[in-house]
Amino acid sequence: MEIMKIIAAKAANLHGAKIPTIAFLGDSVTQGCFECYRTNEGGIQTVFDKDHAYHRYVDRILSMLYTNVPINIINAGISGDTTGGGLERLERDVLCHKPDLTVVCFGLNDCISGLKGLETYKENLRKIFTALKESGSEVIFMTANMVNTAISCHLKDEDLLTTANNSMNRQKNGIPRAYFDGGMEVAKACGVTICDVHAKWEQLANNGVNVTELLANKINHPTREMNWMFAYELVNTMMSE
């Protein structure tokens, strides 16, 4: 990908070449959300830990490989967001930074609408991809993790148990995969590079791994360790295309 040429050029000419900028547009997984808990006020809140979000891991990998290259990292992930919200804030949160590469990862919240929301999801992605490419940014569409396939014994809160049950049923009915397949279809049509991390999670599940226990909140947020999978797959994609 061109982003690797930009990074390599900076490594070769530290003072004369531009600083690369990589943006990440997505939801809670992108922002860096982990465990969920009940607040004193009675609401449900999530633990925000951006130091262990996958964009930080991408930065760490690239910093190890290109020790002299400063890279601007823009994290435009917002917890609870969908492609509709991402499209609305695209200019404010991403385009204004003129990224060389933008990683787009949506779907886990969009698919709550079920299959009836799939066409809206695809159309929103099409508009996001088109706007990014017209701005001059390369684009990677990255699929997200699997959500829970069972109800974890660690969940006790009734609201979280209800959320987990709904999430599990969507996963078992193939709703997330239908959304990501639709997203990849749009990505191919738009000439956007694909990084199918969801397939890696499916591979784990097919080999007997309890993927529910790889989720920090036992519902939909990967553990800090599993965010390395996103980072490794992204860097591999960046170097392979």
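Mentor: Accessible areas come from the Shrake-Rupley method with a 1.4 Å probe, and for residues only the protein chains shown count as cover. The protein chain here exposes about 10800 Å², of which carbon and sulfur atoms supply 49%. This is a predicted model, in which local features need pLDDT of at least 70 and side-chain atom pairs count only at pLDDT 80 or more, while totals for chains, interfaces and linings use all residues. Residues are numbered from 1 along each chain as its sequence is written, and side-chain values use heavy atoms, with hydrogens and water left out.

Trainee: How many helices and strands does the protein chain have?

Mentor: Helices (H or I, at least four residues) and strands (E, at least two) are DSSP runs, numbered from the N terminus. The protein chain has 10 helices and 7 strands. Its radius of gyration is 18 Å, close to the 18 Å that the globule rule gives for 241 residues, so the chain is as compact as a globular protein of that length. That radius is taken over C-alpha atoms, and the globule rule is 2.2 Å times the number of residues to the power 0.38.

Trainee: What percentage of the residues in the protein chain is buried?

Mentor: Buried means under 20% relative accessible area, exposed over 50%, and partly exposed in between (1.4 Å probe, protein chains only). Buried residues make up 52% of the 241 residues.

Trainee: How should one read a single helix, and which residues of α6 are buried?

Mentor: An α-helix has 3.6 residues a turn, so residues three or four places apart point the same way. In α6, the buried residues are Leu118, Tyr121, Lys122, Asn124, Leu125, Ile128, Phe129 and Leu132. Seen down the axis of α6, these fall within an arc of 165 degrees, so they line one face of the helix. The arc is that of the directions from the helix axis to the C-beta atoms. Exposed Glu119 and Glu134 are carried on the face turned away from the buried side.

Trainee: Against which elements do the buried residues of α6 pack?

Mentor: Contact means heavy atoms within 4.5 Å. The buried residues of α6 pack against β1 (21–26), α4 (83–88), α5 (90–93), β5 (101–105), β6 (138–142) and α8 (175–189).

Trainee: Which residues of helix α1 are buried?

Mentor: Helix α1 (residues 2–12) buries Ile3, Met4, Ile6, Ile7 and Lys10. These cover an arc of only 160 degrees around the axis, which puts them on the same side of α1. Lys5 and Ala12 are exposed on the face turned away from that side. The packing partners of the buried residues of α1 are β1, α3 (54–65), β5, β6 and α10.

Trainee: What should one note about the sign of phi?

Mentor: Most residues other than glycine have a negative phi, and most peptide bonds are trans. Lys98 has a positive phi of about 50 degrees although it is not a glycine, and Lys218 has one of about 65 degrees. Gly136, just after α6, takes a positive phi of about 100 degrees.

Trainee: Is Lys98 buried or exposed?

Mentor: Lys98, in the loop between α5 and β5, counts as exposed at 66% relative accessibility. Lys218, by contrast, is buried, with a relative accessible area of 14%; this residue is found in the loop between α9 (197–206) and α10 (227–240).

Trainee: With which side chain does the side chain of Lys218 make a polar contact?

Mentor: A polar contact is a pair of N or O atoms within 3.5 Å; within protein, one must be able to donate a hydrogen and the other to accept it, and residues adjacent in sequence count only if both atoms are side-chain atoms. The partner of Lys218 is the side chain of Glu213 (3.1 Å).
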